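Biologist: I should like to learn how strands and loop residues are read in a model. Please take me through the structure shown here.

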Amino acid sequence: MWTDTRPPAELPKLFERGADVISLAGGLPDLDVLPLDEISAQLGRLVRLGGRLALQYTTPHVAKSLVPAVADLMGREGGRADADNLIPTSGSQMGLTAVALALGAPGDTILTQTPAYPGATAAFRTAGLLPHAAPEDAEGLDPAGLRRVVAELRAAGRTVRLLYTNPTFQNPTGATLAVPRRAEVLAACRELDLLLVEDNPYGLLGFDGTTTTLFQALDPERVVYLGTFSKIFAPGLRSGWIAAPAHLRHDLGRVAEIISLSPSALAQGALAAYHSRSGWDTLIDRYRDSYRERCALMADALEAELGADSPWHWQRPGGGFYLWLRHRDRADAGPYARAAADRGVSVVPGGHFSIDGEHAHGLRLCFSNVPRKKIAEAVGRLSAALTEPSLTEPSSVGRELAEVAG
């Protein structure tokens, strides 16, 4: 079974072998849509007129000028941005680490939606927390299962205080949890006295422009919300935020300050200037158009190459960055990923998104950054690997898992 404990930033490197490699591995945005001349002019103006402040240390707060940009983004999904309870981060990864250190204690169990973003489980484990798969059914997180599992864990003497979820266009599956189910999950969290950690990098990237109401909008005192500018602007600025419940603001802010000391005044100023002059609408629409087209090209190519009888199945996502392939017989996807690398295409096997190997039969394909003209070629190479005769027979372990799973 494929397992790896490398940091998430290193995962795409595992399968890249030379200039001819087409990468479907790393979750990179399509920065071709950025208006670079406009951004360059705004950065130049910011440094020229206020460089002594923009390039200096600053206080550990979301800048007053940036609060409207955050409020605009969160408001599009029904969320609330209270300036007093916003904590600056260098992106969601720092937010995850701050949450784990501030709100958990070594040895605590954190329930985690799986398959899970590897950076989240890495942050939790670094803080000494023990990730445990949150129960799910065909509709996603299962409130009844949540009650059962928490009761079992607490009866066994384990401390459970946190539930982590990436509920909209999830990494790696692309799935979105429906609003009625979100309300049910929150009701279970209130009964169980669980804090819910909502990680939302992709929520505004629905291909048709629709959005889904945030957990944070439904219960802002129960939800710790992690936001980032990396997917709707650019990751190079390393800027994001935590929208904290008021009673947790001090603890989270203290840990965030320890981690970073000072947020980047230059990055916050650049983002605030862009929003003030241009708003978010045009840029977000450009991103949506780019990802909708790339996703359609990849899904169409998979259907053409693999066909309806393939042991690999997937669903077209409604937004985000990813397609998630799963092997019907639960065969370990690691050998298929290596076979794909031998053919010059890199993907990430599902073991990286598992807590204990439970999703090793999956493959994550990222369409967001691959050149459009290369998508069909990449899928052709991948298809050759997925149908390689020496790999098509499921292992005895795979057959046994399939039988257990029904």
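Modeller: We shall discuss one strand and then one loop residue, bearing in mind that this is a predicted model.

Biologist: Why is strand 15 described as largely enclosed by the rest of the structure?

Modeller: One looks at the burial of each residue, where buried means under 20% relative accessible area. Strand 15 spans residues 362–366, and 5 of its 5 residues are buried, so the rest of the structure largely encloses it.

Biologist: Which residues lie on each side of strand 15?

Modeller: Gly 362, Arg 364 and Cys 366 are on one side, while Leu 363 and Leu 365 are on the other. Both faces are covered.

Biologist: Which strands are joined to strand 15 by bridges?

Modeller: Strand pairing is read from bridges. Strand 12, residues 322–327, runs antiparallel to strand 15 and is joined to it by 5 bridges; here Arg 326 is opposite Gly 362. Strand 14, residues 348–349, is likewise antiparallel to strand 15, with 2 bridges, and Val 348 is opposite Arg 364.

Biologist: Turning to the loop, is Thr 173 buried or exposed?

Modeller: Thr 173 sits in the loop between strand 7 (160–165) and helix 6 (179–192). Its relative accessibility is 17%, and the limit for buried is under 20%, so Thr 173 counts as buried.

Biologist: What does the side chain of Thr 173 approach?

Modeller: The side chain of Thr 173 makes a polar contact of 2.5 Å with that of Gln 170. A polar atom of the Thr 173 side chain also lies 3.1 Å from the backbone nitrogen of Ala 175. Beyond its neighbours within four places in sequence, Thr 173 is in contact with Pro 115, Tyr 322 and Trp 324.

Methods:
Residues are numbered from 1 along each chain as its sequence is written. This is a predicted model: local features need pLDDT of at least 70, side-chain atom pairs count only at pLDDT 80 or more; totals for chains, interfaces and linings use all residues. Side-chain values use heavy atoms; hydrogens and water are left out. Buried means under 20% relative accessible area, exposed over 50%, partly exposed in between (1.4 Å probe, protein chains only). Helices (H or I, at least four residues) and strands (E, at least two) are DSSP runs, numbered from the N terminus. A polar contact is a pair of N or O atoms within 3.5 Å; within protein, one must be able to donate a hydrogen and the other to accept it, and residues adjacent in sequence count only if both atoms are side-chain atoms. Contact means heavy atoms within 4.5 Å.
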